[in-house]
Amino acid sequence: MYDVIIIGAGVSGCAVARELARLELKTAVLEAAPDVCEGTSKANSGIVHGGYDAKPGTLKAKLNVEGSRRMEALSRELGFPYKKNGSLVLCFDEKDTGRLEALKRNGETNGVEGLRILGRQELLGLEPQVGDKAYAALYAPSGAIVCPFGLTIALAENACVHGVEAVSSDRRVTVCACVEEGWLKLTVEDNGGGMSPEKLRELKAMLSGEAEAGKSVGLWNVYRRLLLYYQDDFRFDIDSVSGEGTVCSIQIPAKHAEA
Ligand SMILES: Cc1cc2nc3c(=O)[nH]c(=O)nc-3n(C[C@H](O)[C@H](O)[C@H](O)COP(=O)(O)OP(=O)(O)OC[C@H]3O[C@@H](n4cnc5c(N)ncnc54)[C@H](O)[C@@H]3O)c2cc1C
């Protein structure tokens, strides 16, 4: 029994796994593909964005700038390829320089440091291979590149060294959400080891308040949070067959989901 199951070993899942590895939790990562970094994370451009184009005030803007600042130290700690070569956004016409200025202001609002508009001569000094039509550029010295595989694999390895389990073989977690007859119904189903009838009885007793939380802290936390938010206005059920898997269903009135 795990406290936390992370679905997907892309860069997000592996980074979350590494963070959770610091805590006293039993955590596992499930991945449908044969290895980590087999989804979108394997097919990106490897750019560590400076943070100038994220909408100011959003979580994305905050995390983008903070992530960009922390990536170099992380690369040294985990040993993946990283190069702070800066990034350039080009414009090809004088009339478009206003858009570069707007992007620069956006970045400054987000806290990106060192942003500058470069004219063609300065741009050529920085990047001699730039095309004939390039007129000006926004230069972000904090922009960088990483090896997307190196980063994701390093995060996964570090998480495993600190106790996160990689679950091999054909393990799947299916998550379904729908609104039916006024209820938001969520079902989480896995094809893992399941639990014994005894363990299931213990869990149900804990959820009905007849027994202590014991080791099933993760499930207990989910139940307590539901109680906190919805008082008695929810349904929670769990069923499991040893060797076949577990189904957990949560229902809350759809009026809460719309709020
Ligand atoms: C062309 C392109 C270029 C990009 N360039 C950049 C860039 O330069 N810089 C940048 O920061 N971002 C870039 N991005 C965005 C970035 O790649 C993604 O934001 C990031 O990879 C998302 O990571 P993830 O872990 O959330 O998803 P993924 O890497 O897709 O990982 C999800 C994993 O979950 C697994 N999975 C899904 N469902 C299940 C299930 N039910 N059970 C078990 N496993 C499951 C999948 O197999 C997959 O491995 C780019 C994206 C694209 C498409």
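Glu181 sits in the loop between S10 and S11, and in this predicted model its phi is near 45°, a positive value in a residue other than glycine. That is worth a second look, since most residues other than glycine have a negative phi. Is Glu181 buried or exposed? Glu181 counts as exposed because 7 C-beta neighbours lie inside 10 Å, and a residue with 12 or fewer is called exposed.

**The four-stranded sheet**

The two strands on either side of Glu181 are a good place to start exploring. S10 and strand S11 (residues 183-190) run antiparallel and are joined by 8 bridges. If you look along this pair, you will find Cys178 opposite Lys185 in S11. Both strands belong to an open sheet of 4 strands, ordered S10-S11-S13-S12, with antiparallel pairing. Strand S10 (173-180) and strand S12 (235-241) stand at the edges with a single partner strand each, so one side of each has no neighbour in the sheet. From one strand to the next, the twist averages 10°.

At the other end of the order, S12 is joined to strand S13 (residues 245-253) by 7 bridges, and these two run antiparallel. Ile238 has Cys248 in S13 as its bridge partner. S12 and S13 form a hairpin with 3 residues between them. Within that turn, Gly243 has a positive phi of about 85°.

**The three-stranded sheet**

Another open sheet has 3 strands in the order S5-S7-S6, again described by antiparallel pairing. Its edge strands are strand S5 (87-91) and strand S6 (116-119), each of which pairs on one side only. Here the twist averages 30° from one strand to the next. S5 pairs with strand S7 (residues 136-140) in the antiparallel sense over 5 bridges, and Cys91 stands opposite Ala136 in S7. Helix H3 (residues 97-110) lies across S5, S6 and S7, running at about 15° to S7.

**Around the ligand**

Which residues come nearest to the ligand? Of the 23 residues around the ligand, the nearest are Gly8, Gly10, Gly39, Ser41 and Asn44. The shell divides into 9 nonpolar, 11 polar and 3 charged residues. Helix H1 (residues 11-20) supplies the largest share of this shell, with 3 residues.

Gly10 makes a handy landmark here. Gly10 lies in the loop between strand S1 (4-7) and H1. Why is Gly10 called buried? Gly10 has 21 other C-beta atoms within 10 Å, and the label buried applies because 20 or more are enough for it. Leaving out residues up to four places away in sequence, Gly10 touches Cys37, Gly39, Thr40, Ser41 and Thr152. Ala73, by contrast, is 63 residues from Gly10 in sequence and 21 Å from it in space, C-alpha to C-alpha.

One of the residues that Gly10 touches is Cys37. Cys37 is found in the loop between strand S2 (27-30) and strand S3 (47-48). Its phi is near 60°, a positive value in a residue other than glycine. Cys37 counts as buried because it has 23 C-beta neighbours inside 10 Å.

**Helix H5**

Thr152, among the residues that Gly10 touches, is also one of the buried residues of H5. Helix H5 (residues 148-161) has 14 residues and reaches 20 Å from its first C-alpha to its last, close to the 20 Å expected at 1.5 Å a residue. The buried residues of H5 are Pro148, Leu151, Thr152, Ala154, Leu155, Ala156 and Ala159. An α-helix has 3.6 residues a turn, so residues three or four places apart point the same way. The buried residues of H5 pack against H1, helix H2 (59-78) and strand S8 (144-146). After H5 comes Gly163, with a positive phi near 105°.

**A loop between two helices**

Ala211 lies in the loop between helix H6 (197-207) and helix H7 (217-230). Setting aside neighbours within four places in sequence, Ala211 is in contact with Glu202, Ala205 and Met206. Ala211 is partly exposed, with 14 other C-beta atoms within 10 Å.

Here are the loop residues with their burial labels.

| Residue | C-beta atoms within 10 Å | Label |
|---|---|---|
| Gly10 | 21 C-beta atoms | buried |
| Cys37 | 23 C-beta atoms | buried |
| Glu181 | 7 C-beta atoms | exposed |
| Ala211 | 14 C-beta atoms | partly exposed |

Terms used
Residues numbered from 1 in each chain as written. Predicted model: local features only at pLDDT ≥ 70, side-chain atom pairs only at ≥ 80, totals over all residues. Near = placed C-beta within 6 Å. Nonpolar A, V, L, I, M, F, W, Y, C, P; charged D, E, K, R; others polar. Expected span 1.5 Å × (residues − 1). Contact = placed C-beta atoms within 7 Å. Pairing = 2+ DSSP bridges. Axes fitted to C-alpha atoms, helices over the stretch in contact; angles between N-to-C directions.
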